[in-house]
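Student: I would like a close look at a single part of this model, followed outward into its surroundings. Please take me through it in one connected answer.

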Amino acid sequence: MTIQTIHEAAAAVRDRQVTPLDLVEMCLKNIDRWESQVRAWVLVDRDSARAEAKRLADELNRGQYRGPLHGIPIGIKDIFDVFDWPTACGSKLWANSVAREDCEVVKRLRQAGAILLGKTVTTQFASFDPPVTRNPWNLARTPGGSSSGSAAAVATLMCLGAMGSQTGGSITRPASYCGVAGCKPTYGLVPCQGVLPLAPSMDHPGPIGRCVRDLELMLEVIASPYHRTRPLQSDGGLLLGRIRGLFDHLAAPAVRQAMDETQQKLQQAGAFVKEIALPARFGEVIARHRTIMAVEAAAFHQERLAKHPDDYAPRIRGLLEEGLACPAPEYQRCQEHQRQLTIDITACFADVDTLIMPATTCPAPDASTTGDPAFNSPWSYTGLPAVSFPTGQLVEGLPLALQLVGDRRSEAELFAAAAWCEQALGARSLTPPELANR
């Protein structure tokens, strides 16, 4: 049988149609097929994955089923500590820095029965310098960053799901560019213990999968607490708030047109769409987000940067230098703006269930960049949950995605709305044709 998603695999494992080892071998076969071109992995631990698959199969034979992630192969972004694997974070000097303990997220994944295939590529220190990973839809384009390898690996079925992290746009942007789904949860919902920080006040671990349902299955495991809600019905009168402003001004013409077409399809399916005005403070969000990120990243890296400046690529070094030069009163003003905007944005949800907008300003650009996080960073700044998934539309042969944003701690309702939209659009993640046809 053909398996493309976690929820399909979970049902097949539970019903004994496939074994965990079957899933591992499927992913390893895809790694052998695509990795030399896509370069999504830092390491793949084949022996450990196979051994764990056999152990989990034995549990099933004894009637022990851990839930939907039992026997599911997962990739882990290389800023998360995994016992006995290096946490290199894109650093040459940390390439052999072996973790002595699992981070909290990895502990929860293991407890749920997930199989860790290996570490996926991150941009250096989860920042902006382009990675070695290439976009599987077009190898000359960026997969986005910083969760580059995670998005590309899921897109090519080298794993069924993967962990990413977002401080600006590092989950939803690469997911969009690679034609898969991503979730940045509410700030603080998923623990950061054992994950390399970039800017601690805006760091969000989160899942990347092949559909909205898979994201929810992963988040249920890594978040605490999390409670699933009933899915919205097709005639449930979903209330969507479309926000424009920055999300129109910075969008490429093809993206604006695609968004208009998406809105029309959702309305035809029964959704009500209302235009929502953004708070006045929203105009400063991109600049102030960067200031906070620069200052907090500099606080973490300052001593190491002084000792090992050659281990920092140009763009992360530039960010750190900005942070070191920032006056303390300016950082404080940005923090106050962040606090006030987070309060102001709550009013946007007074009359709608969720906000909708494009996930990215344009399709994946060339590989010299990781792309523009402008449509993602406001939600990292305010800590609101965001979900993106491909709409099925292509521009220049590259996928586009819809982004939904919910109120704080509304993940269950946000997933229900996103799943309804995904179904209404008839959208799902597909294997990139450039690779599938080779």
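Tutor:

**The second largest pocket and the fold around it**

The second largest pocket has a volume of about 310 Å³. Its lining counts 16 residues, and G90, S91, V121, T122 and V132 are the closest to its centre. By class, the lining splits into 9 nonpolar, 5 polar and 2 charged residues. The model is a predicted one.

Next, the loops and their backbone. Two residues here have unusual phi values. F125 has a positive phi of about 55°, although F125 is not a glycine. D84 is also not a glycine, and its phi is positive too, at about 75°. As a general matter, most residues other than glycine have a negative phi, and most peptide bonds are trans. F125 sits in the loop between β3 and α5. D84 sits in the loop between β2 (73–77) and α4 (104–111).

Are these two residues buried or exposed? F125 counts as buried because its relative accessibility is 0%, and the limit for buried is under 20%. D84 counts as partly exposed because its relative accessibility is 47%.

The backbone has another feature to check. The peptide bond between G145 and S146 is cis, with omega about 5°. S146 belongs to the loop between β3 (115–120) and α5 (148–155). F125 is in the loop between β3 and α5 as well.

R315 brings in a distant stretch of the chain. R315 is part of helix α11 (residues 314–325). F128 is 187 residues away from R315 in sequence, yet their C-alpha atoms are 6.0 Å apart. Leaving out residues up to four places away in sequence, R315 touches F128, D129, P130, S368 and T369. R315 is partly exposed because its relative accessible area is 37%.

Now the sheet. It is open, has 11 strands, and follows the order β1-β3-β2-β4-β6-β5-β10-β11-β9-β7-β8 with mixed pairing. β1 (41–44) and β8 (272–276) are the edge strands, each pairing on one side only. On average, neighbouring strands are turned by 30° against each other, direction ignored.

Start at the β1 edge. β1 pairs with β3 in the antiparallel sense, over 3 bridges. V44 stands opposite G118 in β3. Helix α3 (residues 46–61) packs on the sheet here and touches β1 and β3. The direction of α3 makes about 160° with that of β3.

Move along to β5. Its neighbours in the strand order are β6 and β10. Strand β6 (residues 204–209) runs antiparallel to β5, and 2 bridges join them. G182 has I208 as its bridge partner in β6. β5 and β10 also pair in the antiparallel sense, over 3 bridges. There, C183 has V387 in β10 as its bridge partner. In general, strands of a sheet pair through backbone hydrogen bonds, either parallel or antiparallel.

Which way do the residues of β5 point? A181 and C183 point one way, G182 and K184 the other way. All of these are buried, K184 included. The general rule is that side chains in a regular strand alternate between the two faces of the sheet.

Two helices deserve a look. Helix α14 (residues 411–425) lies across β5 (181–184), β7 (239–243), β9 (354–358), β10 (386–395) and β11 (398–405). It runs at about 10° to β10. Helix α7 (residues 212–222) is mostly covered, with 8 of its 11 residues buried. The buried residues are V212, D214, L215, E216, L217, M218, L219 and I222. D214 and E216 are among them.

Finish toward the β8 edge. G270 lies in the loop between α9 (253–268) and β8. G270 and G237 are 33 residues apart along the chain, and their C-alpha atoms are separated by 6.0 Å. Beyond residues up to four places away in sequence, G270 touches G237, L238 and W420. G270 is partly exposed because its relative accessible area is 29%.

Definitions and conventions. Residues numbered from 1 in each chain as written. Predicted model: local features only at pLDDT ≥ 70, side-chain atom pairs only at ≥ 80, totals over all residues. Heavy atoms only, no water. Helix = DSSP H or I, 4+ residues; strand = E, 2+ residues; numbered from the N terminus. Buried < 20%, exposed > 50% of the residue type's maximum accessible area, 1.4 Å probe, protein only. 1 Å grid on protein atoms, 1.4 Å probe; cavity = no way out; pocket = protein on both sides within 12 Å on 5 of 7 lines; lining within 4 Å. Points joined across faces, edges and corners; volume = space filled by probe spheres on them. Nonpolar A, V, L, I, M, F, W, Y, C, P; charged D, E, K, R; others polar. Pairing = 2+ DSSP bridges. Axes fitted to C-alpha atoms, helices over the stretch in contact; angles between N-to-C directions. Contact = heavy atoms within 4.5 Å.
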